[in-house]
Amino acid sequence: DTDRALVLLEEYCKKLRKPEEQQLKKAIRKVMGIFKSSLFQALLGSCTKKATRYGTTSHPSLPAALACDVLGCPKD
């Protein structure tokens, strides 16, 4: 759930106060901006519709997986 992810990321950002944590905080805020963007929401809606169309169930980590695709995160 994107909204839950945003809440958790915001809570985590509030804990990042040390100077050496500011780069991480900036990166997290960038991800939060992506989650809030209309493009991300449209892509998420498209993925959900495709999953439903092909008979697959929606996965709870779909927003995170899509964000990793957008940001170029390494695959497991």
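**Exercise 1. Phenylalanine 40 and its ring partner**

Determine whether phenylalanine 40 is buried or exposed in this predicted model, and describe the aromatic pair that holds it.

Solution.
Step 1. Phenylalanine 40 has a relative accessible area of 2%. Buried means under 20%, so phenylalanine 40 is buried.
Step 2. The structure holds 1 aromatic pair. Its members are phenylalanine 35 and phenylalanine 40, with ring centres 5.0 Å apart and planes at 20 degrees. Planes under 30 degrees apart count as stacked, so this pair is stacked.
Step 3. Phenylalanine 35 is placed in helix H2. With a relative accessible area of 5%, phenylalanine 35 is buried.

**Exercise 2. The largest nonpolar core**

List the residues of the largest nonpolar core and state which helix supplies the largest share.

Solution.
Step 1. The core has 10 residues in all: Leu6, Cys13, Leu16, Ile28, Val31, Met32, Ile34, Phe35, Phe40 and Leu44.
Step 2. At least two residues of this core come from each of helix H1 (2-15), helix H2 (22-36) and helix H3 (38-53).
Step 3. H2 gives the largest share, 5 residues.
Step 4. Buried residues of H2 are Lys25, Ile28, Val31, Met32, Ile34 and Phe35.
Step 5. As background, nonpolar side chains in soluble globular proteins tend to be buried together.

**Exercise 3. Leucine 6 against helix H2**

Which residues does leucine 6 contact, leaving aside its neighbours within four places in sequence?

Solution.
Step 1. Leucine 6 belongs to helix H1. Its relative accessible area is 13%, so leucine 6 is buried.
Step 2. With neighbours within four places in sequence left aside, the contacts of leucine 6 are Met32, Phe35 and Lys36.
Step 3. For one of these partners, phenylalanine 35, the C-alpha atoms are separated by 7.5 Å, while the two residues are 29 residues apart along the chain.

**Exercise 4. Tyrosine 12 and leucine 16**

Find the contacts of tyrosine 12 and of leucine 16, leaving aside neighbours within four places in sequence.

Solution.
Step 1. Tyrosine 12 is found in helix H1. A relative accessible area of 40% makes tyrosine 12 partly exposed.
Step 2. Beyond four places in sequence, tyrosine 12 is in contact with Leu24 and Ile28.
Step 3. From tyrosine 12 to lysine 25 the C-alpha to C-alpha distance is 8.6 Å, across 13 residues in sequence.
Step 4. Leucine 16, with its neighbours within four places left aside, is in contact with Glu21, Gln22, Leu24, Lys25 and Ile28. Leu24 and Ile28 are thus listed for leucine 16 and for tyrosine 12.

**Exercise 5. The salt bridge**

How many salt bridges are there, and which side chains meet?

Solution.
Step 1. The count comes to 1 salt bridge.
Step 2. The side chains that meet are those of glutamate 10 and arginine 29, with an N to O distance of 3.5 Å. The cut-off for a salt bridge is within 4 Å.
Step 3. This pair links distant parts of the chain, with glutamate 10 in helix H1 and arginine 29 in helix H2, 19 residues apart.
Step 4. Glutamate 10 has 26% relative accessibility and counts as partly exposed. Arginine 29, at 38%, is partly exposed.

**Exercise 6. The span of helix H2**

Compare the expected span of H2 with the distance between its end C-alpha atoms.

Solution.
Step 1. H2 has 15 residues. The expected span is 1.5 Å times one less than the number of residues, so H2 should span 21 Å.
Step 2. The end C-alpha atoms of H2 are 21 Å apart, which agrees with the expected span.

**Exercise 7. The whole chain**

Summarise the secondary structure, burial, contacts and surface of the protein.

Solution.
Step 1. The protein has 4 helices and 0 strands, and the pattern along the sequence is α-α-α-α.
Step 2. Of the 76 residues in the protein, 21% are buried.
Step 3. Among contacts with a separation of 6 or more, 40% are between residues 24 or more positions apart.
Step 4. The accessible surface is about 5800 Å², and carbon and sulfur atoms account for 59% of that surface.

Technical notes: Residues are numbered from 1 along each chain as its sequence is written. This is a predicted model: local features need pLDDT of at least 70, side-chain atom pairs count only at pLDDT 80 or more; totals for chains, interfaces and linings use all residues. Side-chain values use heavy atoms; hydrogens and water are left out. A nonpolar core is a set of buried Ala, Val, Leu, Ile, Met, Phe, Trp, Tyr and Cys residues joined through side-chain atoms within 4.5 Å. Buried means under 20% relative accessible area, exposed over 50%, partly exposed in between (1.4 Å probe, protein chains only). Contact means heavy atoms within 4.5 Å. Rings of Phe, Tyr and Trp (its six-membered ring) pair if their centres lie within 6.5 Å; planes under 30 degrees apart count as stacked, over 60 as edge-to-face and the rest as tilted. Accessible areas come from the Shrake-Rupley method with a 1.4 Å probe; for residues, only the protein chains shown count as cover.
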